[in-house]
Amino acid sequence: VILTVTLNPALDVTYEVAALRPHATHRVTAVHRRGGGKGVNVARVLTALGVDARTTGLLGGATGEQVRADLDRHAVPHDFTPISGETRRTLTVVAEGDATLFNEPGPPITDHEWRAFRTHFRELASAAQVVVLSGSLPPGVPEDAYATLATAARTARPTAAPLIVLDTGGSTLMAALAGRPDVVKPNAAELAAAVPTAPGPQAAAEELRAEGAVAVVVSLGPDGLLAVTGEGVWRCRPPRSVRGNPTGAGDAVVAALSRALHDHRSTGAHPDRLWPQALADAVALSAAAVHAPVAGEIDHDVHARLRARTTVERL
Ligand SMILES: Nc1ncnc2c1ncn2[C@@H]1O[C@H](COP(=O)(O)OP(=O)(O)OP(=O)(O)O)[C@@H](O)[C@H]1O
Ligand SMILES: [Mg+2]
């Protein structure tokens, strides 16, 4: 099973309006509500691919209940730790083909709740081959939370330690590297912010490896992926640029990489085969996610068509 963690999930609310004007009153023509957050979206994509995934994290209040109900509706297996605070919402206003986002910070987490989550997480991680740690941290959770969880996952399963995939930015990313994540997936902006002195993405990725990341896969928007690993450096570009909604494309990259690592774990194939196949699938799947209008959804036809036409270059 692939376990995905979202410590700061959200109820993603989308408003459609004809045009967005500051200081004006707007008539909302359509409202969409769905459970969101990066790890939740990764689990949605994996479930859509028929992969055995489970999602966990912290949920509270009536908004947390709405997230749970939405995951039930979409048959995404979940097992969250309850908190006393109210789960946050994000608001996206879609108007004239463009989106404006409002992201609430999330409820403060108490020491007791963070400890309860760690206990729950150890139990879930003991059944996982791959653990995905995604997104920002809510207030009250220590900055090195992901390093703590990575270490906890490995001690929960000492003979067959799960592989750890990390997708976050800023100081949370830097503090997580002490946990030696197996794959880190920053986008170009997150990587540049993490290593501002590096002359380019490859040098910056090498810097993250020196700080503790085992492999780094940088997502470069419509330009695809750059993987800097102990086995080599690879570049993978989509055969064509896709129009649509790029929000959540990074989550599709993480889903594809996690699935590849999971399959690699069970077959024991050589890494020279793992990386080209994992990257080509990640590029095709993320393009399919851009094509689908809602974050966390993929277009299966686009995935299959682009997968056949995506090539990987070894640098
Ligand atoms: N317009 C596009 N056409 C084809 N593929 C795309 C396009 N935009 C993004 N992708 C694919 O999606 C991947 C992830 O995109 P991006 O680098 O924007 O991730 P991100 O910023 O982490 O996204 P998010 O955090 O919103 O999920 C890219 O590496 C690329 O393979
Ligand atoms: Mg991202």
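Between which two strands is the loop that holds H23 found? The legends below address this question and others for a predicted model.

**Figure 1. Overall view of the protein chain in the predicted model.** Ten helices and 14 strands make up the secondary structure elements of the chain. The radius of gyration is 19 Å, close to the 20 Å that the globule rule gives for 315 residues, so the chain is as compact as a globular protein of that length. Along its principal axes, the C-alpha trace spans about 55 × 45 × 40 Å. Of contacts between residues at least 6 apart in sequence, 67% join residues at least 24 apart.

**Figure 2. Surface and charges of the protein chain.** The accessible surface comes to about 13800 Å², and carbon and sulfur atoms account for 52% of this area. Of the 315 residues, 52% count as buried. The chain carries 30 positive and 32 negative side chains. The centres of these two sets lie 3 Å apart.

**Figure 3. Close-up of H23 in its loop.** H23 is found in the loop between strand 2 (10–16) and strand 3 (30–36), which answers the opening question. Most residues other than glycine have a negative phi. H23 is not a glycine, yet its phi is positive, at about 70°. Is H23 buried or exposed? With a relative accessible area of 87%, H23 is exposed, because a value over 50% is required for that class.

**Figure 4. Close-up of A75 in the loop after helix 2.** The loop that contains A75 lies between helix 2 (61–73) and strand 5 (81–83). A75 is a residue other than glycine with a positive phi, near 55°. The relative accessible area of A75 is 54%, so this residue is exposed.

**Figure 5. Close-up of R68 and its contacts.** R68 is found in helix 2, the helix that spans residues 61–73. Is R68 buried or exposed? The relative accessibility of R68 is 19%, and R68 therefore counts as buried, since the cut-off for a buried residue is under 20%. Which residues does R68 contact, leaving aside its neighbours within four places in sequence? These contacts are with L59, H78, F80 and P82. Of these residues, P82 falls within strand 5 (81–83).

Notes. Residues are numbered from 1 along each chain as its sequence is written. Chains are lettered from A and ligands numbered from 1 in the order in which they are written. This is a predicted model: local features need pLDDT of at least 70, side-chain atom pairs count only at pLDDT 80 or more; totals for chains, interfaces and linings use all residues. Side-chain values use heavy atoms; hydrogens and water are left out. Helices (H or I, at least four residues) and strands (E, at least two) are DSSP runs, numbered from the N terminus. The radius of gyration is taken over C-alpha atoms; the globule rule is 2.2 Å times the number of residues to the power 0.38. Buried means under 20% relative accessible area, exposed over 50%, partly exposed in between (1.4 Å probe, protein chains only). Contact means heavy atoms within 4.5 Å. Accessible areas come from the Shrake-Rupley method with a 1.4 Å probe; for residues, only the protein chains shown count as cover. Lys and Arg count as positive and Asp and Glu as negative; His and the chain ends are not counted. The place of a charge is taken as NZ of Lys, CZ of Arg, CG of Asp or CD of Glu.
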